[in-house]
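Trainee: Before I accept the labels attached to a model, I would like to see how each one is earned. Could we take them in turn and set every value against its cut-off?

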Amino acid sequence: MSELSLRAKKLDAADELAPLRSRFVLDNASDHAADAAGIYLDGNSLGALQANVPGRIEDVVRRQWGELRIRSWDESGWWTAPERIGDRIAPLVGAAPGQIVVGDSTSVNVFKALVAAVRMVDPTRDEILVDATTFPTDGYIAESAARLTGRTLRPVTPAEVPAALGERTAAVLLNHVDYRSGRLHDLPSLTAAIHASGALAVWDLCHSVGALPVGLDEHGVDLAVGCTYKYLNGGPGAPAFLYVRRDLQDRFDSPLPGWNSHAEPFGMSQSYDPAPGALRGRVGTPDILSMLALEAALEIWDEVSVAAVRAKSLALTDFFLECVAAYTEPGRVTSVTPELHEERGSQIALRCPDAGDVMKQLIDRGVVGDFRNPDVLRFGFSPLYVSFAETERAARVLAEVLG
Ligand SMILES: Cc1ncc(COP(=O)(O)O)c(C=O)c1O
């Protein structure tokens, strides 16, 4: 046994989160196999299933829907699920209750948040800044939001934001963690700079929620969105969330004012009167099956803190980088993920010219990460279920494939 695999064993033995791994449906049979198999490093794309979720969905379908039918909107808490589950997510992103609703996709919530942000600031502010390296959907939606609100869209890298801010800036849309490189951007200082210019900050938390502390209230973030199918393990297409800071809620003028956000949704009025609070972020009838799968998936957070998850995430990514350096010929891959902890999310992105082919071979050998055009291998480390032994084995198989 190599020094690194021995160390992995010790790290797993000392890992306080290790028992939580048994809650997930994983390829446990391969845990102690000599060869790597069933190592899932794609939780930054789709989190793994937890064992309590299928039973919950069965109950929602058979009893709540099958037996109670329409009564479940009230008796099973369906109607209030968006805000109830929003309050469950709130502590994970450092938000007090009453500021988050769950529903729609991240893309749709980016639209709501950005248009609403622009509508809150002085109309002379005619420019929206967007992260030039953003996950594409945010850029597409920002372009449409700018067109609809009569603003100009200016793509800038997060590093260029402070210099680009000015009297013309209405709002800035940024990603907390870059989906490709895994770089963690400095939310506190960027938010402060955006505020100093008089603009509003909209953050996309898709790659940070459930992986690291966010501190929305502490840092005075204005609006934020995030997805629940990555590190929150909510399931494929699980609904996203929208955060609107409490003191902005009265001014939140939704560009999608559906009846679920009406002050009296069952008043069936022809005129729109927005509900108070975060409820204004709702649109139409929520997707109850996905939403309640997410609610079941979130129960694990009763037993674990974001701080503990962050500590293990950094330990896993540090260890992976160390194993890759030890096993791989120098220069064969280059990490594009920052070394510094304060600049790192919960994934490692390695660049190599034949990344597409390398990832195919890795997946064939049971190490599941993903490939991002044109030359990036992504490995996501979900601390709730990824072990140090898997991390070491994944690096070993990677080195063999890179050969
Ligand atoms: C940073 C980021 N923003 C937005 C999205 C898109 O989310 P959705 O397809 O759920 O709208 C993703 C999806 O992976 C993402 O990584």
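Mentor: Let us do that, bearing in mind that this is a predicted model. A search of the whole structure finds 28 salt bridges, and one of them joins the side chains of Asp15 and Lys312.

Trainee: What makes the pair of Asp15 and Lys312 a salt bridge?

Mentor: The label requires a side-chain nitrogen of Lys or Arg within 4 Å of a carboxyl oxygen of Asp or Glu. For Asp15 and Lys312 the N to O distance is 2.7 Å, so the pair meets that criterion. Asp15 belongs to the loop between helix H1 (3-14) and strand E1 (39-40), whereas Lys312 belongs to helix H10, so the contact ties together parts that are 297 residues apart in sequence.

Trainee: Why are Asp15 and Lys312 called buried or exposed, whichever applies?

Mentor: Buried means under 20% relative accessible area. Asp15 has 11% and therefore counts as buried, and Lys312, with 7%, is buried too.

Trainee: How do you know how to class the partners Asp104 and Lys112, whose side chains meet in a salt bridge?

Mentor: Their N to O distance is 2.7 Å, and each residue is then classed by its own accessibility. Lys112, at 1%, counts as buried, while Asp104, at 33%, is partly exposed because that value falls between the 20% and 50% limits. Elsewhere, salt bridges that share partners join Asp126, Glu127, Arg154 and Arg168 into one network.

Trainee: And what class do Glu75 and Arg71 fall into?

Mentor: Their side chains meet in a salt bridge at 2.9 Å, N to O. Glu75 has a relative accessible area of 48% and is partly exposed, and Arg71, at 46%, counts as partly exposed as well; exposed would require over 50%.

Trainee: Turning to the rings, why is the pair of Trp73 and Trp78 called edge-to-face?

Mentor: Rings pair if their centres lie within 6.5 Å, and planes over 60 degrees apart count as edge-to-face. Trp73 and Trp78 are 5.3 Å apart, centre to centre, with 90° between the planes, so both conditions are met. The rings of Trp73 and Trp79 have centres 6.1 Å apart and planes at 70°, so this pair is edge-to-face as well. They belong to one aromatic cluster formed by Trp73, Trp78, Trp79, Trp259 and Phe266, and the search of the whole structure finds 11 aromatic pairs.

Trainee: Which of Trp73, Trp78 and Trp79 are buried, and which are partly exposed?

Mentor: Trp78, at 8%, counts as buried, and Trp79, at 18%, is buried because the limit is 20%. Trp73, at 24%, counts as partly exposed.

Trainee: How do you know that the charged end of Arg282 sits over the ring of Trp79?

Mentor: The charged end of Arg282 is 4.8 Å from the ring centre of Trp79, and the distance limit is 6 Å. The label also requires a position within 35 degrees of the ring normal, and Arg282 is listed as sitting over the ring.

Trainee: What makes E9 and E12 edge strands?

Mentor: Four strands form an open sheet in the order E9-E10-E13-E12, with antiparallel pairing. Strand E9 (334-335) and strand E12 (370-372) each have a single partner strand, so one side of each is left without a neighbour in the sheet.

Trainee: Why do E9 and E10 count as paired?

Mentor: Pairing requires at least two bridges. E9 and strand E10 (residues 347-351) pair in the antiparallel sense over two bridges, so the requirement is met. The bridge partner of Ser335 in E10 is Leu350. Helix H10 (residues 306-327) lies across E9, E10 and strand E13 (376-380), running at about 25° to E10.

Trainee: Finally, what makes Arg69 and Met268 worth a remark on the backbone?

Mentor: Phi of Arg69 is near 45°, a positive value in a residue other than glycine, and Met268 has a positive phi of about 50° although it is not a glycine. Arg69 lies in the loop between helix H2 (52-65) and helix H3 (72-75), and Met268 in the loop between strand E8 (241-244) and helix H9 (288-297). With 54% for Arg69 and 55% for Met268, both are exposed, because the limit is 50%.

Methods. Residues are numbered from 1 along each chain as its sequence is written. This is a predicted model: local features need pLDDT of at least 70, side-chain atom pairs count only at pLDDT 80 or more; totals for chains, interfaces and linings use all residues. Side-chain values use heavy atoms; hydrogens and water are left out. Contact means heavy atoms within 4.5 Å. Axes are lines fitted to C-alpha atoms, for helices over the stretch in contact, and angles run from 0 to 180 degrees between N-to-C directions. Rings of Phe, Tyr and Trp (its six-membered ring) pair if their centres lie within 6.5 Å; planes under 30 degrees apart count as stacked, over 60 as edge-to-face and the rest as tilted. Buried means under 20% relative accessible area, exposed over 50%, partly exposed in between (1.4 Å probe, protein chains only).
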